[in-house]
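Visitor: I am new to this structure and should be grateful for a close look at a single part of it, the sheet. Please describe how its strands are arranged and what lies against them.

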Amino acid sequence: MLYKAAVIGDSQTVMGFKAVGLTTASANDGEEAASRLHELANQDYAVIYITEQLAAQIEGDIAQYNDTPQVAVIPIPSWEGALGIGLKELHKAVERAVGADILKQ
């Protein structure tokens, strides 16, 4: 089985990902981002990257996929910079998996 990956974000951020062959979906706000997220998840995308700025607006929608093995939703920085959401989510995932945040500094 071939796994597919996509990127959701503002047009400037996703442009670079399109150049390397990933499926991209532009979104200007949380409503569009949530719609794109659910569309891609229903189209069997295994990995969906989303800019942290949009991820912050649709945390509830992303949470629907946190415990499903079929879809991994991964926050990434946009061209505007990082908000630290991706790192925070990594800490939460490690804590769920092993029972403690072993990455804590």
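Guide: Two strands are said to pair if DSSP finds at least two bridges between them. On that basis, this predicted model contains an open sheet of 4 strands, in the order β2-β1-β3-β4, and the pairing is parallel. The edges are formed by β2 (23–26) and β4 (72–76); each has a single partner strand, so one side of each is left without a neighbour in the sheet. From one strand to the next, the twist averages 20°.

One pairing may be followed in detail. Strand β3, residues 45–51, joins β4 in the parallel sense over 5 bridges. Within this part, Thr51 stands opposite Ile76 in β4.

Two helices may now be added to the picture. Helix α1 (residues 11–19) packs on the sheet, where it touches β1 (4–9), β2, β3 and β4. The direction of α1 makes about 170° with that of β2. Helix α2 likewise lies across β1, β2, β3 and β4, and runs at about 165° to β3.

The two ends of α1 also merit attention. At its start, a side-chain oxygen of Asp10 comes to within 3.2 Å of the backbone nitrogen of Gln12. After α1 comes Gly21, with a positive phi near 100°.

As to side chains, the charged end of Lys4 sits over the ring of Tyr45, 4.5 Å from the centre of that ring. The structure holds 0 aromatic pairs.

Finally, a word on confidence. The mean pLDDT of the protein is 82, and 72% of its residues reach 70 or more. Confidence is highest in helix α2 (residues 30–42), at a mean of 96, and lowest in helix α5 (residues 85–98), at 59. Where pLDDT is low, the predicted coordinates should not be read in detail.

Definitions and conventions
Residues numbered from 1 in each chain as written. Predicted model: local features only at pLDDT ≥ 70, side-chain atom pairs only at ≥ 80, totals over all residues. Heavy atoms only, no water. pLDDT = per-residue confidence, 0-100. Axes fitted to C-alpha atoms, helices over the stretch in contact; angles between N-to-C directions. Contact = heavy atoms within 4.5 Å. Phe/Tyr/Trp six-rings, centres within 6.5 Å; stacked < 30°, edge-to-face > 60°. Lys NZ or Arg CZ within 6 Å of the ring centre and 35° of its normal. Polar contact = N/O pair within 3.5 Å; in protein donor to acceptor, adjacent residues only side chain to side chain.
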